[in-house]
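Here are my notes for your first reading of this model, set out as numbered points. Please keep the structure open beside them and look for each element as it comes up.

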Amino acid sequence: MQERRELFPHVIEMNYQARRRLGCSVYLVFDADEWILIDIGYEDTVEEIVELIRQMDFPLSNCKYIVATHADVDHVQGLKRARELLPSAVLCGHPEAAALLAKGERVMTYAEISAQKISIDMPSVKLDQKISEGDVLKVGNLELEVWHTPGHTNNQLSFRMGNLLFAGDNIYRDGCVGNIDAHHGSDIVDFIESLTRIRDSEVEWLLPSHGPVFRNDPELLTATIERLHGYSHMADFGTCAIDWPLMEEWESELVEGFDPESA
Ligand SMILES: [Zn+2]
């Protein structure tokens, strides 16, 4: 049996477990004889991940859930293959994620970024259960509270378990956030709300979907929130911005006329 490298009691992360980078974070939460996965990653790492789980002596038939934090291809491409290897698992995610996954949607999931010649498989898969704000997932005696945390995308979920938050693509250790993109369903105002909720919560540790685990540090979160406030008034963020103050400045200049002397 392989040693179980728990990050926190009852929590294993498969990149940490493998001691190398496999892809997005894949969290295994276990208690009593049940276990679940939060995200599964790309299809080509599913078999290796399942093999690591088997080596840690988790009976494959006791996988209760595989949860999609959101429907981005790097988090969910392996769901279809995972269902074949872990047939007992109930696949679940936000209703909007379920809709994208059911049709194997390509643009909103980033399987297709034509301007960058990115075009990868996005196997369609039907989620068994739709979950959102207020739902609770039980794993043995543990409870994961489902938070709907839109911003990066409208189908982003986070999961609170005691003082831990599986935080998806809301924020990373360096204060960066999941990318903001109109074609992806991003919303900066929602994002600020989600980050404020996380910052002001009792949660002590953030377990992100990319990169290392970190503390819920109010200073880090506040700096990120302020940055996003800035974004919401900048042309850089196109239709994701709520306004652009330069337009008002220009309007008064159009009325008064341009004067090189005062420019
Ligand atoms: Zn991601």
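1. Begin with helix α5, which covers residues 95-102 and in which E96, A97, A98, L100 and L101 are buried. This is a predicted model, so please read every statement here as a statement about a prediction. The buried residues of α5 pack against three elements, namely α3 (73-76), β6 (90-93) and β9. When you compare the positions in that buried set, it helps to recall that an α-helix has 3.6 residues a turn, so residues three or four places apart point the same way. After α5 the chain reaches G104, which has a positive phi near 60°.

2. Two of the elements that α5 packs against, β6 and β9, also belong to an open sheet of seven strands, whose order is β1-β2-β3-β4-β5-β6-β9 and whose pairing is mixed. At the edges of this sheet stand β1 (6-8) and β9 (129-130), and because each has a single partner strand, one side of each is left without a neighbour in the sheet.

3. Within this sheet, follow first the pair formed by strand β3 (residues 27-31) and β4, which run antiparallel and are joined by five bridges. You can check the register by finding V29 opposite I36 in β4, and then D31 opposite E34 in β4. The hairpin of these two strands has two residues between them, and in it A32 takes a positive phi near 50°.

4. Which share of strand β4 is buried? Four of the five residues in β4 (residues 34-38) are buried, and the strand is accordingly described as mostly covered. As you look along the strand, remember that in a regular strand the side chains alternate between the two faces of the sheet.

5. On its way to the next strand, β4 pairs in the parallel sense with strand β5 (residues 63-67), over four bridges, and here W35 stands opposite C63 in β5. The chain passes from β4 through helix α2 (residues 46-55) to β5, and the β-α-β crossover made in this way is right-handed.

6. The parallel pairing can be followed further, since β5 and β6 run parallel and are joined by three bridges, with C92 in β6 as the bridge partner of V67. From there, β6 and β9 pair in the parallel sense over two bridges, and G93 has K130 in β9 as its bridge partner.

7. A further open sheet has six strands in the order β10-β11-β12-β13-β14-β15, again with mixed pairing. Its edge strands are β10 (136-139) and β15 (214-215), each of which pairs on one side only. Strand β11 (residues 142-148) runs antiparallel to β10, and four bridges join the two; among the residues involved, V136 has E145 in β11 as its bridge partner.

8. How do the axes of helix α6 (residues 188-199) and helix α7 (residues 218-231) cross? They come within 10 Å of each other and cross at roughly 170°. Since angles over 145 degrees count as roughly antiparallel, α6 and α7 are therefore roughly antiparallel to each other. On the α6 side the contact is made by I188, F191, I192, L195, T196, I198 and R199, and on the α7 side by P218, L221, T222, T224, I225, L228, H229 and Y231. Sorted by class, this contact of α6 with α7 has 10 nonpolar, four polar and one charged residues.

9. Helix α8 (residues 246-256) includes L246, which counts as exposed because it has 11 C-beta neighbours inside 10 Å. The number of buried residues among the 11 of α8 is zero, so this helix lies largely in the open. The C-alpha atoms of L246 and A235, which are 11 residues apart along the chain, are separated by 9.2 Å. Just after α8 comes G257, with a positive phi of about 90°.

10. Finally, please set these details against the whole protein, which has eight helices and 15 strands. Its C-alpha trace spans about 80 × 40 × 35 Å along its principal axes, and 40% of its 263 residues are buried. Of the contacts with a separation of 6 or more, 62% are between residues 24 or more positions apart.

Methods
Residues are numbered from 1 along each chain as its sequence is written. This is a predicted model: local features need pLDDT of at least 70, side-chain atom pairs count only at pLDDT 80 or more; totals for chains, interfaces and linings use all residues. Axes are lines fitted to C-alpha atoms, for helices over the stretch in contact, and angles run from 0 to 180 degrees between N-to-C directions. Angles under 35 degrees count as roughly parallel, over 145 as roughly antiparallel, 65 to 115 as roughly perpendicular and the rest as oblique. Two residues are in contact if their C-beta atoms, placed from the backbone, lie within 7 Å. Ala, Val, Leu, Ile, Met, Phe, Trp, Tyr, Cys and Pro count as nonpolar, Asp, Glu, Lys and Arg as charged, and the others, Gly among them, as polar. Two strands pair if DSSP finds at least two bridges between them. A residue is buried if 20 or more other C-beta atoms lie within 10 Å of its own, exposed if 12 or fewer, and partly exposed in between; C-beta atoms are placed from the backbone. A crossover is right-handed if, with the strands pointing away from the viewer, the path from the first strand over the helix to the second runs clockwise.
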